[in-house]
Amino acid sequence: TPAINKFGWDYHSTYLYKHISRLAISFIALFSIYKLDLSILDKYSKHILFLSWILIIWGYISTPEYENVRRTLFVFGKRIFTTSDFARIALIIFTASFINKHKKNINNLKVLMKELIPYVSISIFLILFQPDFSSSFAISTIIISMLIVGGLSIKYLLKSSLIIALL
């Protein structure tokens, strides 16, 4: 193919091996999560969320000065992962735990303001500060969708959004 002629096989094989290794890691993670007792995630959802905040801040601090955005976690000068990806997973786990714990009173504005909105707002703010607007929007959409599927009334969602907008 023209790309192999232009760049050589080593160039393509390097990327092929990287993709295969990442695919293997993904399958290992998939089967590990599949075997995991999900009550552990429910029990430690707040801890996982706090860990995501630490990683976001660490990513911001550890990013070299020449980088324009500070959303990647660097360890010993190497890029490890984008911190908002971990935050996305942490927020999904946290929101699922919230929905599970507050099924009967999910439409209670006081419960939302005390148990959910502060944590989600801090996470979104930290991601916006990197700046990473697209991840903030995507995560917000996921959280709102989860809450609607979990039984949150659109009326309470609009009230909560109005309160957040006024802050």
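# Exercises on a predicted model

A search of the whole structure, which is a predicted model, turns up six aromatic pairs. Let's work through some of them, then look at a few other spots.

## Exercise 1: Two rings in one helix

Work out whether the pair Phe50 and Trp53 is stacked, tilted or edge-to-face.

**Solution.**
- Step 1: Know what to look for. A pair of aromatic rings is described by the distance of the centres and the angle of the planes.
- Step 2: Check the distance. The ring centres of Phe50 and Trp53 are 5.1 Å apart, and rings pair if their centres lie within 6.5 Å.
- Step 3: Check the angle. Planes under 30 degrees apart count as stacked, over 60 as edge-to-face, and the rest as tilted. The planes of Phe50 and Trp53 stand at 55°, so this pair is tilted.
- Step 4: Place the residues. Both Phe50 and Trp53 sit in helix 4 (residues 45-62), three residues apart, which is about one turn of the helix.
- Step 5: Ask how covered they are. Buried means under 20% relative accessible area, and exposed means over 50%. Phe50 has 34%, so Phe50 is partly exposed. Trp53 has 14%, so Trp53 counts as buried.

## Exercise 2: A pair that reaches across the chain

Find out what kind of pair Phe50 makes with Tyr119, and which parts of the chain the pair links.

**Solution.**
- Step 1: Take the geometry. The ring centres of Phe50 and Tyr119 lie 6.3 Å apart and the planes are at 50°, so this pair is tilted.
- Step 2: Look at the positions. Phe50 is in helix 4 and Tyr119 is in helix 6 (residues 109-129), 69 residues apart, so the pair links distant parts of the chain.
- Step 3: Check the cover. With a relative accessible area of 17%, Tyr119 is buried.
- Step 4: Put the group together. Phe50, Trp53, Phe94 and Tyr119 form one aromatic cluster.
- Step 5: Try another link between the two helices. Ile122 lies in helix 6 and is partly exposed, at 36% relative accessible area. The C-alpha atoms of Ile122 and Trp53 are separated by 8.4 Å, although these residues are 69 apart along the chain.

## Exercise 3: A walk along helix 6

Describe where helix 6 bends and what caps its N-terminal end.

**Solution.**
- Step 1: Start at the N-terminal end. Asn108 is the cap there: one of its side-chain oxygens is 2.9 Å from the backbone nitrogen of Lys110.
- Step 2: Find the bend. Helix 6 bends by about 45° at Leu116, and a proline, Pro118, comes within the next four residues.
- Step 3: Look at the buried residues. Among them are Val111, Leu112, Leu116, Ile117 and Tyr119, so the residue at the bend belongs to this buried group.

## Exercise 4: The salt bridge

How many salt bridges are there, and which residues make one?

**Solution.**
- Step 1: Recall the idea. Side chains of opposite charge can pair when their charged atoms come close.
- Step 2: Count. The total comes to one salt bridge.
- Step 3: Name the partners. Asp85 and Arg88 meet through their side chains, with 3.1 Å from N to O. That passes the cut-off of within 4 Å.
- Step 4: Place them. Asp85 and Arg88 are three residues apart in helix 5 (residues 83-101), so about one helical turn separates them.
- Step 5: Check the cover. Asp85 is partly exposed at 35%, and Arg88 counts as partly exposed at 23%.
- Step 6: Look at the neighbourhood. Ser135 belongs to helix 7 (residues 133-149) and is buried, with a relative accessible area of 8%. Its C-alpha atom is 8.2 Å from that of Asp85, 50 residues away along the chain. The side chains of Ser135 and Ser84 are joined by a polar contact of 3.4 Å.

## Exercise 5: A surface patch

Which residues form the nonpolar patch on the surface?

**Solution.**
- Step 1: List the members. They are Leu23, Phe27, Leu30, Phe31 and Tyr34, with about 590 Å² of accessible area together.
- Step 2: Zoom in on one. Phe27 is found in helix 2 (residues 9-35) and is partly exposed, with a relative accessible area of 43%.

Methods:
Residues are numbered from 1 along each chain as its sequence is written. This is a predicted model: local features need pLDDT of at least 70, side-chain atom pairs count only at pLDDT 80 or more; totals for chains, interfaces and linings use all residues. Side-chain values use heavy atoms; hydrogens and water are left out. Buried means under 20% relative accessible area, exposed over 50%, partly exposed in between (1.4 Å probe, protein chains only). The bend at a residue is the angle between axes fitted to the seven residues ending there and the seven starting there. A polar contact is a pair of N or O atoms within 3.5 Å; within protein, one must be able to donate a hydrogen and the other to accept it, and residues adjacent in sequence count only if both atoms are side-chain atoms. Patches are made of residues with over 30% relative accessible area and no salt bridge: like charges are joined within 9 Å, nonpolar side chains (Val, Leu, Ile, Met, Phe, Trp, Tyr) within 5 Å. Accessible areas come from the Shrake-Rupley method with a 1.4 Å probe; for residues, only the protein chains shown count as cover.
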